[in-house]
Each structure stands twice: as structure tokens, then as C-alpha cells.
Amino acid sequence: MTTLPEDQRRLLDGLLAQLGRQPDQAALIHFVTEVLRSLLRRQGDTEFREAIEAAFVEGVVQHDRPEQRALAAEVIRVVIVKRPEIARAWRAARGGAAAADAPARRSSDQPDHAPAPPPPPVPALDDPFAVAEAGLGRYLAELVRRRVTAFETPPARMPSAAYRVGPPFFLFDPSFPDLLAGFVAGPLLRACRDGMERRVYRPFEDRIPLDDHDWAAFMEDKREAVWAILLDRLRKLAEAQRRAEAKQTAPEAAPAAPSYRVVEKRVTRPRVFKVLGVGFTLGEVTTTRRVRVRRPDPNALDPEEVTALDLFAALDREAEQHGIDLPDGVDLALIRALLAGDPRPFATTRDALMALMGHASTSGPFLVEKLQAAEHSLDPVLVDILGMMLFTRFGHARFGLTELQSYCHGVSRDTAGTAPSRPFCTQELAARPGALVVQFREAMRRRAHADVVGTTVALLVECWLGLGRQGLTAALAEGLALFDSFGPLFADDPDRAALIELTRMVRDELTAPTLGRASLLLAVGRIYDPVARRATGRH
């Protein structure tokens, strides 16, 4: 952990000593909330404080007493260590040079000296093509960054059916272009060494440029050949990955059982947050993940399959370093689909669908029909990504829950057959109950306009009706469980009674045999309107 100045270290020790004296959960939440408000009271601290508070309360209600104290201690440590960095990031975002030059209020706020950029890797002296590979990697990285900009999509803003908790969809994360560029220029290019050496490095050994500025000219007549080598190698690795996964999931009764099998294992990893561009970890998240388990069978995977699994594992590890969560459905075949082919048909289809959104006469069913028709000319997984783009951008308007559900499942109640061709939209649909419950909570916590709160409730009702008909009861149950975090989070709120009553009313309605949308919205408005007016008066 970062070395703290003496006064900040004493402050941290004193606060941690007080944690053990908190008698119960409510007192612990109150103590940590007061500490956060005391330490994070500057103008630029608000977003950071709100993110920390929400993460802490959600974590506390899921743990026993010792784990609650450990989480509270971690919260206080993160705040004391990260607040100077948050302050500098906020000043940079505001663009105020004068604010950056102002004297710091605390010794820990003094800006650290910016670390020097790491030197470029020194090629191994015994590798005659290391310099060429490094130059080609930089050239390919720039091509990859330009290609994946076609998927850029701003995050959904409240109120929207696409409101998302935590990190954005991996393709929409601003860090993804750098992640994919680094993967292609590093591990993947090294896996293509044989083809590149035979087709590029050796034939043009005397002409390979050393200066990055000369690479564009050098690659002018070689780009297609290089790209073909890259995609062909990626195709073979994707096939090997799928073969390996098929072996891992094969029945154990087979005579020659593979030496690896896939098991479902509970994995705990740090919970990554980004606020104003500053990354930090807080608490842990436990998920179920497929992992390889070695078995004493010598005939498990061939070298190509092991290479494919190791290559994807390298991508997964790097994604975690970037704070990007790669969902199920991401594999080497998807990476190839993102890089293969002419990007212009995708851009044309994307622009045509976006243009349809601008016409008042365009209906939701017509948009879904056009999106499904795109599967005749594009890779289905790219169309699935287009569906995610439409939902994220227009989840508040013409491509909301009804359209997403229609695209994923149509009128069928059998959702099992839709997942392979539309993996991302299907997962996004299943995540809606939890995300919309949190949106409702955040709208009340931020004292959003009454219309915004009403919209969040209407979206919850729509979600419960639609997903209930599809039989997605597990997703709905997970969403209902999140209502338990409302009470602790509103413990010190001056309007706690009204907010808890709203919470109870909405939850009871969602679990009722029949949902009465109109009457629920009227009741919510009657209770929340005075709360919103009082908040306006206080501010």
C-alpha cells in the first residue's frame, strides 16, 4: 500500500481502532458514513464518496460481523489513500490550472511526482527478428484501435432500461481498444511468429524499417498478407480453444478421459471501481466461474489446444488489470470476428439502424425486424453487439426492454436456444432486474426529479412482467434481494421513513400475483413528491 504521511497514518490507526467499538451493523454503517462525510467533504469528492458508500452498504448486508468490520477497515484505508489522487483527477477534469496550483489543504494532498514512463522493452540480442516484431506490433496495434472504434457507445443515463451497474459492457469500455491492441501486438503476434518470419521477416530482412514513421510505407503492399496470417492463426487457435473446451466438458465415462476437466468453482476477486479515471479496489465479489482442473491423464490436450487456452488466459488476466469484465461468450472466435472482414458493412448497418431511430414513424417491432435481418449479411455475433449498442443508446426510448426481449427470445418461452447466437443481449436481459432495482435506489438517493423516479418504477414493473413471462425467475429473485440494501443506505437520511415506505410498496407490488402499474405510480408520486420538494428547498 502507498506510504502515508505521519499525520495520515495516525488518523488511519485511530479510525481503525474505533471500528471494534461499534456494537452492531447499524452503528457500524453510521460510523463509516460519518467518517466518509468528514474525510470527503471537498467539492470534487462527491462522486467518489457516493460510489464508496453504495459499495460499502451493499457489501455489509451480505457479510457476517467479522467480515463487516474488515470491509469497513478497507473502506477507510481506500479513502485515505485515494483522496489526494481523486482531488487531482477532479482538478484535471475541470481543466483549472489555477486550482491545480492552489496550496493543498492536507499534507497528503501534495501531488506526487508523476512517474516516468516505462522504457520500451529491449529486444533480446539472440532474437534477430525482435526489432521487426516490435515495430510490426506497434503498427498492428494502431490498426486494431481504429477498427474497434466502430463499437464506441456512450453509457446509458438515468432513467433508462439500459442503466448499468458497475463497469460498462466490455466493448463499450474506453480501455478496451488498448486492451485488444496490446493483446494483438503482444501475445497473439508472438503466436504468429512462424508465419510472419516466413512471409515478412526473412524475405524483407534488409528492408525492415527501424523507425515507426517508415512502417506505414513498408506495409503498404504487405498489409493484406500480414492481416491474413494473423486471422488464419487466430482461426486455428479459436478452433483449438473450442476443441479443448469440448474435451474438458466431455463425460468422464470415456475410456481415454482428458486430463483436464471444467468445474464450476466459486472465485473471489477484488471489486474494481473507476471514479474520474482513478482506479481502486474495494471489497470482493464472489462469482461462479469455469476453471480447468488437471487430472492425471497423459492424453489430455494437444500443444495447440494448450496454446489457445494459455493465450485466452493471458487476455483474461490483462482484462482484469484494465478493470474490464469479459462476459461468457467472449473467446478467441469472437476476437477474430471483431478483426476479420471489411468493417464497412458493419458501419453501414449500424448507421442505418441509428438513422431509423431519428424517424418518428419508426416502431419498435420494425427495428427488431431490421436487426434480425442483418444476420443475413453480418456475423450473428456482430449483430448481437449491434443489439447491445441500440439498447444502450436508446434503452430510454425506442429500443427498450420490450424490443430487447423480442430480439432475444421472440414469443417463445424457451430461452435455451437463443443464447448461442445472441449471448450478450441474452445476458444483458437477465441482468436487468438487479440493475433496475439499483437505478430506483439511486434515483431516490440522489433526489432525482419525481418524473425520473416514476420512470424507474415503471421500468421495474415492465421488467417483472416481461421476464416473468419468460420464466427468468432466478434473475428476478436476485433483483428482489437487492432491496435489502435500501434500509442501511438510507439509515441516516432525513426522509428515511418515506423512502423505506416507497421501497416496501414497490417490492410488495413486484411480488404480488398481479401488477397494478397505474395505481403504483400514483402512490409513488404521492409519497415521493414531498421528498423531492424538500430536497429542492434544502439545496
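I began with the exposure of R146 in this predicted model. R146 has a relative accessibility of 48% and counts as partly exposed, because exposed would require over 50%. I then looked up its salt-bridge partner: the side chains of R146 and E142 meet with an N to O distance of 4.0 Å. E142 is likewise partly exposed, at a relative accessible area of 38%. Both residues belong to helix α6, which covers residues 130-148. They stand four residues apart there, so about one helical turn separates R146 from E142.

Next entry: helix α2. I noted that this helix spans residues 25-39 and holds both R37 and E34. The spacing is three residues, about one turn of the helix. I recorded a salt bridge between the two side chains, with 3.7 Å from N to O. For R37 I found 40% relative accessibility, in the partly exposed class. E34 falls in that class too, with a relative accessible area of 37%.

I turned to helix α17, residues 423-445. Which residue does the side chain of R432 meet in a salt bridge? The partner is E428, and the N to O distance is 2.9 Å. R432 and E428 are four residues apart in helix α17, and therefore about one helical turn lies between them. I also asked whether R432 is buried or exposed. R432 has a relative accessible area of 1%, so I entered it as buried, the cut-off being under 20%. E428, at 5% relative accessibility, counts as buried as well.

Salt bridges can also share partners, and I followed one such case. E6, R9, R10 and D13 are joined into one network in this way. For the model as a whole, I noted a count of 32 salt bridges.

My last entry returns to helix α17, where E442 also lies. I looked up its accessibility and found a relative accessible area of 4%, which means that E442 is buried. What does E442 touch, leaving aside residues up to four places away in sequence? I listed A54, M158, Y163 and L489 as its contacts.

In review, I have two pairs with partly exposed partners on record: R146 at 48% with E142 at 38%, and R37 at 40% with E34 at 37%. Against these I set the pair in helix α17, where R432 is buried and E428 is buried.

Note on methods. Residues numbered from 1 in each chain as written. Predicted model: local features only at pLDDT ≥ 70, side-chain atom pairs only at ≥ 80, totals over all residues. Heavy atoms only, no water. Helix = DSSP H or I, 4+ residues; strand = E, 2+ residues; numbered from the N terminus. Buried < 20%, exposed > 50% of the residue type's maximum accessible area, 1.4 Å probe, protein only. Contact = heavy atoms within 4.5 Å.
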